[in-house]
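Please look through the sequence and the model below before reading on, and keep both at hand while you follow the text. The paragraphs go from the overall division of the chain to smaller details.

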Amino acid sequence: MSTKLNLVLIFGGKSGEHAVSLMSARSVLNALDSEKYQVFQVGITREGRWTYAANALEVFENKHGESLNEAFILARNETPYLYELIDGQLREVTQIDIVFPVLHGTFGEDGTIQGLFEIQNCAYVGAGVLASSVAMDKALCKDVVANAGIPVLPYGIFSRQQIENDLPAVIEAVEGISAYPVFVKPANLGSSVGITKAKNRSQLQDSLRLAARYDRRILVERGIEAREIEISVLGNEDVVVSVPGEIVPGDEFYTYKDKYHSGDPETAIPAPLPEPVSEQLRTWAVQTFRAIDGAGLARVDFLLDKNSGKAWFNEINTMPGFTQISMYSKLLAYSGLNYRQLIDQLIELGLERKADQARTLRKFEVDDEQ
Ligand SMILES: Nc1ncnc2c1ncn2[C@@H]1O[C@H](COP(=O)(O)OP(=O)(O)OP(=O)(O)O)[C@@H](O)[C@H]1O
Ligand SMILES: [Mg+2]
């Protein structure tokens, strides 16, 4: 019998970050130790169809994912299996030891697919349902992190309905929260999609309307001239926290284009920061991770006011860009953990979390007499 772990690598997905996911997955696949893991490739199409093939990643990279057989993860007698559908019949591909969902954004990083893994009793890499969904909602996440005592920029949360029905009231409320410029962000999207900086009232109107096309909930917050500092966290109960790194954006702010199309933005590892600031941010990164009940990995992003030097939490990503040259991996590499070791650790952490969950008492008798 093989002693290798049966690992299902999942990539693609319905989110706007489908292409980014394929890049991350390619890096992970290349680094997975074939002595330790038997890898099964599952691609999710842009329409949300799950597919399987031995070389699914390559097929997805060539944009032919649609042609592959449909795939399913289903538990039988509490053991999860991967199946593929051939001529209307389910064929068992493998029993699953762990799933590595290299998916970013909606339906991948937001707790929905994590819920499916939980229901199918399947171990998986990364954060659970709660942390994933809290981190995905920029608005709710600010509430949670602020409540943990970590500074966040003044913000307000508005609904699409408010924006559509009473724009003047929303504008008045925003102007009560902060002077211009403000940042307007759909609560649930990543990769800077639908985010704009509004420098005056008329731009704010346009920004709110734009953001409302992307989400029902819109976050508006004070805009500052900021340095962007990112920190990697790795672990479950005990965590490793990296040195801070800095992104030097090429554009006015760190846009989607900047992230994925114009080559690498310049980075500085470690970020040139006074030691006490660096230590403060590292402490906040761990506190943020714990506040949302993080597990496995997360990248915690801060904004540092260029004028006052004050630092603010910006966001936490539970499945950050994950190629070998992504900030997440590079920060940990600086701390001496190479990419292959990082992947091994993430898999171990996923298995450890599953084992820990199994210790939780779920059945209890209700005493009728009480
Ligand atoms: N309040 C702010 N003041 C100044 N700059 C900001 C502010 N909020 C966001 N930015 C700039 O806009 C960029 C995008 O915003 P943010 O990081 O909140 O969303 P995102 O990048 O879409 O999320 P994700 O990192 O999950 O893809 C930031 O990297 C930063 O450059
Ligand atoms: Mg960001």
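Into which domains is the protein chain divided? In this predicted model, the chain is divided into domain 1, which covers residues 5-124, domain 2, which covers 154-222, and domain 3, which covers 226-357. These domains give a useful map for everything that follows.

We can begin with the way domain 1 and domain 3 meet. Their centres, taken over C-alpha atoms, are separated by 25 Å, and 17 residues of domain 1 are in contact with 14 residues of domain 3. On the side of domain 1 that touches domain 3, the elements that give two or more residues are helix 1 (18-31) and strand 7 (98-101), and it is helix 1 that gives the most, with six residues. Sorted by class, this side of domain 1 is made up of eleven nonpolar, four polar and two charged residues.

The next topic is the interior. The largest nonpolar core has 81 residues, and among these L9, I10 and F100 touch the most other members. Both domain 1 and domain 3 contribute to this core, with at least three residues drawn from each of them. Apart from it lies another core, which has 20 residues, including Y155, I163, V170 and I218. To see what the surroundings of one core member look like, take I10: if its neighbours within four places in sequence are left aside, I10 is in contact with V42, I44, V99, F100, P101, V102 and L103.

From here we turn to a sheet. Four strands form an open sheet in the order 8-11-9-10, and their pairing is antiparallel. Strand 8 (155-159) and strand 10 (196-198) are the edge strands, each of which pairs on one side only. On average, and with direction ignored, neighbouring strands of this sheet are turned by 25° against each other. The pairing of strand 8 with strand 11 (residues 217-222) is antiparallel and runs over five bridges, and within strand 11 it is R217 that serves as the bridge partner of S159. Two helices pack on this sheet. Helix 5 (residues 138-147) touches strand 8, strand 9 (182-186) and strand 11, and its direction makes about 55° with that of strand 11. Helix 7 (residues 167-177) likewise touches strand 8, strand 9 and strand 11, while its direction makes about 165° with that of strand 8.

Another helix shows how an element can be covered by other parts of the chain. Helix 4 (residues 129-136) is mostly covered, since six of its eight residues are buried, and these buried residues are A131, S132, S133, V134, A135 and M136. Among the elements that cover the buried residues of helix 4 are helix 3 (112-119), helix 5 and strand 17 (311-317).

A single residue, L74, can close the tour. Its place is in strand 4 (residues 69-76). Why does L74 count as partly exposed? The reason lies in a count of its surroundings: L74 has 15 other C-beta atoms within 10 Å, whereas a residue is called buried if the count is 20 or more and exposed if it is 12 or fewer. Leaving aside its neighbours within four places in sequence, L74 is in contact with Y81, Y83 and Q120. Finally, L74 and T94 stand 20 residues apart in sequence, and from C-alpha to C-alpha they are 11 Å apart in space.

Notes. Residues numbered from 1 in each chain as written. Chains lettered and ligands numbered in written order. Predicted model: local features only at pLDDT ≥ 70, side-chain atom pairs only at ≥ 80, totals over all residues. Core = buried A, V, L, I, M, F, W, Y, C linked by C-beta atoms within 7 Å. Domains from an automatic or database assignment. Contact = placed C-beta atoms within 7 Å. Nonpolar A, V, L, I, M, F, W, Y, C, P; charged D, E, K, R; others polar. Pairing = 2+ DSSP bridges. Axes fitted to C-alpha atoms, helices over the stretch in contact; angles between N-to-C directions.
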